[in-house]
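Colleague: Please take one part of this model and describe it closely for a first-year student. I should like the account to begin with empty space and then to follow whatever surrounds it.

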Amino acid sequence: VKVQSTVELTDHFFGPSPSIFVGWQNYPRVYAGPLSLNFEPEDAPIYDNPKKWYGYDFPEIVDLRSFLIRSKEKVNVNTPSEDVQLLALAQKPPDIEVTLRKKPTFNIVFSAIAQPMGPSGILKDLKIVDNVSAEKSVEYVTSDEVNARDAVWALYSSGIDVYTLSRLMSAGLLGLKKKMVPNRWSITTVDNILGNILIENVKDLPLLNEYCVFSNEYLGNHFEILFLPERWEYEQLEAWVPDTFWTFGMTETRIIGEHETYTGRSDYAIREGGGYYAVRLACLEKLSELKRQGSVLVFRETTPDYFLCVGVWECRENVRNAARIGEFPSLEEALQDVSSRLSVPLEKWKEKSIILSQTKLDRWS
C-alpha cells in the first residue's frame, strides 16, 4: 500500500529496460516482454540484479520491484521475439519507448522461484531507442552453434553471473534449437546445469581434511552448511517451524529433505524445488574455492521473520555469503557447533538425515 502511492502509471512511457520476462502459463504460447522503468534512475541494473540485493530487507526489495513495469504480448516460444532477445543481450539497460493498450493497474506478484513482479500491461508498441551492445563473450557464445550446457558453462567460466545466464536462456539465446524459456524454468535450469558440471569437477579434487562449517541468516532463512571429508554426496534438510507466515495452524516443526548420492539423481527435487538447486550450486562454489571434494549436509530453518517469497536467489545468496565458522576434527564436534545455532534439536534432524544415518552405520561396518 505504501509503495503503490509512489508508483506513477501511464499507458505511454519512456525509460531503461534492465531485464525481460517470459511467462509459463499456456505454454508454448506465453506472455513475454520487457521489464522497464518510466524514469531514469542512477543505477537501473539494480532493479533486476539479485546479486546486488544481498543485505536488503523485504521492503527495499518490494520497492525496487514495484517500479518495474512488465509490458507483455503473446508469443510462441519456438519463434523468439527479436526485441526481447535484443534487450536480454544488452550489457547496460537500453532506453525503450513503450505504448500499452491501456493504463496498467498496480499489482505485485510474488513467486517461490522468480523475483517479485510489478504492474503489467498488454503491449501495443515497443521501440528500442538506444543502440544495444553485448559483452564480447556473450556475443560470441550466443551467435555460435553451441549447445545450451556448453554455452552456460563457457559464459559462467568467463565471469557472467547466473542471473544474466537465466535471462539469456529465457530470451531464447542459448542452445542449438533456440527457443524462449519461462523465467521460473530458466533459473533452475541454469542452477542445475552449472551444479552438474561443478560436481564432476569437484569429484576430481582431493577430500577435505576436516569437517568444515559455514553459517548465515538472511531474510528469515537460517542456513548451517556442514562439509564432511567424504566423497561427494548432497543432502538438504528444511525445518518449517510452527507459527510463521507459512505454518499457521502447525503445532510441530516439520522437516523435509532431498538427497543425492555420488552418482547423482534422475528425478526433480520436488519437495524443495528450485531452492534445492540454488543452494547446491552455492555449496559447490564453496567446495571449488576450497579446492576440495566433500559430502555436504545443509540445515535450513525458517524463522518468523520469513514472511514473503522473493525468489530462490535469497537461498543462493544466503549460502554464498555464509561465514566460515571453523574446522573440526570429528563429526560430533562439528554437529555440536551447528546445533548451537539451530532452534530445532539435533535429534530431530538426525531422524530425517540420510547422510547422518549412513555415518552411524559406517561406524559398525
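Modeller: The largest cavity holds about 140 Å³ of space. A cavity is a set of points on a 1 Å grid over the protein atoms alone where a 1.4 Å probe fits but cannot get out; its volume is the space filled by probe spheres set on the points, which are joined across faces, edges and corners. By this rule there are two cavities of 30 Å³ or more. The model is predicted, so local features need pLDDT of at least 70 and side-chain atom pairs count only at pLDDT 80 or more, while totals for chains, interfaces and linings use all residues. Residues are numbered from 1 along each chain as its sequence is written, and side-chain values use heavy atoms, with hydrogens and water left out.

The lining of the largest cavity (residues with an atom within 4 Å of a point) consists of 13 residues. Those nearest its centre are Asp48, Gln115, Tyr163, Ser166 and Asn183. Three elements each supply at least two lining residues: strand S2 (19-22), helix H5 (162-170) and helix H6 (183-202). Helices (H or I, at least four residues) and strands (E, at least two) are DSSP runs numbered from the N terminus. Helix H5 gives the largest share of the lining, with three residues.

Gln115 deserves attention within this group. This residue lies in the loop between strand S5 (95-100) and strand S6 (120-128). Why does Gln115 count as buried? Its relative accessible area is 12%, and buried means under 20%, exposed over 50% and partly exposed in between (1.4 Å probe, protein chains only). Apart from neighbours within four places in sequence, Gln115 is in contact (heavy atoms within 4.5 Å) with Asp48, Pro50, Trp53, Arg65, Ile187, Val310 and Trp313. Asp48 therefore appears twice, as a residue near the cavity centre and as a contact of the buried Gln115.

Another of these contacts, Trp313, leads to helix H8 (residues 313-320). Seven of the eight residues of helix H8 are buried, so the helix is largely enclosed by the rest of the structure. The buried residues are Trp313, Glu314, Cys315, Arg316, Glu317, Asn318 and Val319.

The loop between H5 and H6 offers a contrast, for Leu176 is found there. Leu176 is exposed, with a relative accessible area of 51%. Leaving aside neighbours within four places in sequence, Leu176 is in contact with Glu145, Val146 and Asn147. Leu176 and Ser19 are 157 residues apart in sequence, and their C-alpha atoms are 23 Å apart in space.

Strand S2, which contributes to the cavity lining, also belongs to a sheet. That open sheet has six strands in the order S1-S5-S6-S4-S3-S2, with mixed pairing; two strands pair if DSSP finds at least two bridges between them. Strand S1 (12-16) and S2 stand at the edges with a single partner strand each, so one side of each is left without a neighbour in the sheet. S2 and S3 run antiparallel and are joined by four bridges; within this pair, Val22 has Ala32 in S3 as its bridge partner. The two strands form a hairpin with six residues between them, and Asn26 in the turn has a positive phi of about 65°.

On its other pairing, S3 meets strand S4 (residues 69-76) in the antiparallel sense over six bridges. Here Arg29 has Asn76 in S4 as its bridge partner, and Val30 stands opposite Val75 in S4. Six of the eight residues of strand S3 (residues 29-36) are buried, so S3 is largely enclosed by the rest of the structure.

A second six-strand open sheet follows the order S10-S9-S11-S8-S7-S12, and its pairing is also mixed. Its edge strands, S10 (254-260) and S12 (323-328), each pair on one side only. Strand S8 (residues 221-228) and strand S11 (residues 295-302) pair in the antiparallel sense over eight bridges, and Val298 in S11 is the bridge partner of Ile225.

Key. On a 1 Å grid over the protein atoms alone, a cavity is a set of points where a 1.4 Å probe fits but cannot get out, and a pocket is an open set with protein on both sides within 12 Å along at least five of seven lines; lining residues have an atom within 4 Å of a point.
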